[in-house]
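Let's take a friendly walk through a protein model. Have the picture open as you read, and try to find each part as it comes up.

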Amino acid sequence: MTTPPPGPVPGVQPEELPERLPENSALLDVRESNEWQVGHAPEAVHIPMSELVQRLDEIPQADQVYVVCRSGGRSAKVAAYLNANGWDAVNVERGMNGWSAIGKPMVSEETGSEPYVL
């Protein structure tokens with residue numbers, strides 16, 4: 001993934017996202033698989049940042065893509081890259097740490113485990 005030129009990346013705080021995402025929008029989780037396994041947003045699509053360029057065709061066709069990672073750093077880079085390549089992407093600031101801290105819903109891929117942010 002080539003780094004886009006510096007510039008402001010649109011951002012949103014987890015508190016600003018409604019319980020259900022607006023119609024024709026998507027939540028893209030770019031954390032690694034081990035992070036995803038233990039806890040993620042229920043409606044998120046998982047494409048690790050390290051695989052993004054090879055999997056661009058898997059990004060949901062949506063008017064707006066909200067991008068999330070653990071704390072907001074990786075997702076800001078991915079949002080900038082997507083914006084430079086034709087998507088309308090917004091960074092979820094504070095990431096899943098912020099998401100979890102305010103009690104937004106999470107699920108785990110591990111049977112019987114409470115979801116958490118790794």
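What follows is a short tour of the sheet, a helix beside it and a few side chains.

## The sheet

Please keep in mind that this is a predicted model. Start with the strands: there are 5 of them, forming an open sheet in the order β1-β5-β4-β2-β3, and the pairing is parallel. Because β1 (11-12) and β3 (45-46) each have a single partner strand, they stand at the edges, and one side of each has no neighbour in the sheet. What holds neighbouring strands together? Strands of a sheet pair through backbone hydrogen bonds, either parallel or antiparallel.

## Strand by strand

Now look at the pairs. Strand β2 (residues 25-29) runs parallel to strand β4 (residues 64-68), and 5 bridges join the two. One residue to find here is L28, whose bridge partner in β4 is V67.

Strand β4 also pairs with β5 in the parallel sense, over 3 bridges. Here Y66 has V90 of β5 as its bridge partner. On to the edge strand: β1 and β5 run parallel and are joined by 2 bridges, with G11 matched to N91 in β5.

## Strand β5 from both sides

In a regular strand the side chains alternate between the two faces of the sheet. Are the faces of β5 covered or open? Both are covered. On one side A89 and N91 are buried, and on the other V90 and V92 are buried too.

## A helix and its serine

Which residue shall we follow in helix α2? Try S75, which lies in this helix, spanning residues 73-84. S75 has 0% relative accessibility, so it counts as buried. Its side chain makes a polar contact with the side chain of N91, at 2.4 Å. N91 is the residue of β5 that is the bridge partner of G11.

Leaving aside residues up to four places away in sequence, S75 touches V30, V67, V68, C69, N91 and V92. Among them, V67 is the bridge partner of L28, while V92 is one of the buried residues of β5.

## Rings and a charge

How many aromatic pairs does a search of the whole structure find? The search gives 0. There is still a ring worth finding, that of W99: K104 lies over its face, at 5.2 Å from the ring centre.

Notes. Residues are numbered from 1 along each chain as its sequence is written. This is a predicted model: local features need pLDDT of at least 70, side-chain atom pairs count only at pLDDT 80 or more; totals for chains, interfaces and linings use all residues. Side-chain values use heavy atoms; hydrogens and water are left out. Helices (H or I, at least four residues) and strands (E, at least two) are DSSP runs, numbered from the N terminus. Buried means under 20% relative accessible area, exposed over 50%, partly exposed in between (1.4 Å probe, protein chains only). A polar contact is a pair of N or O atoms within 3.5 Å; within protein, one must be able to donate a hydrogen and the other to accept it, and residues adjacent in sequence count only if both atoms are side-chain atoms. Contact means heavy atoms within 4.5 Å. Rings of Phe, Tyr and Trp (its six-membered ring) pair if their centres lie within 6.5 Å; planes under 30 degrees apart count as stacked, over 60 as edge-to-face and the rest as tilted. A charge sits over a ring if NZ of Lys or CZ of Arg is within 6 Å of the ring centre and within 35 degrees of the ring normal. Two strands pair if DSSP finds at least two bridges between them.
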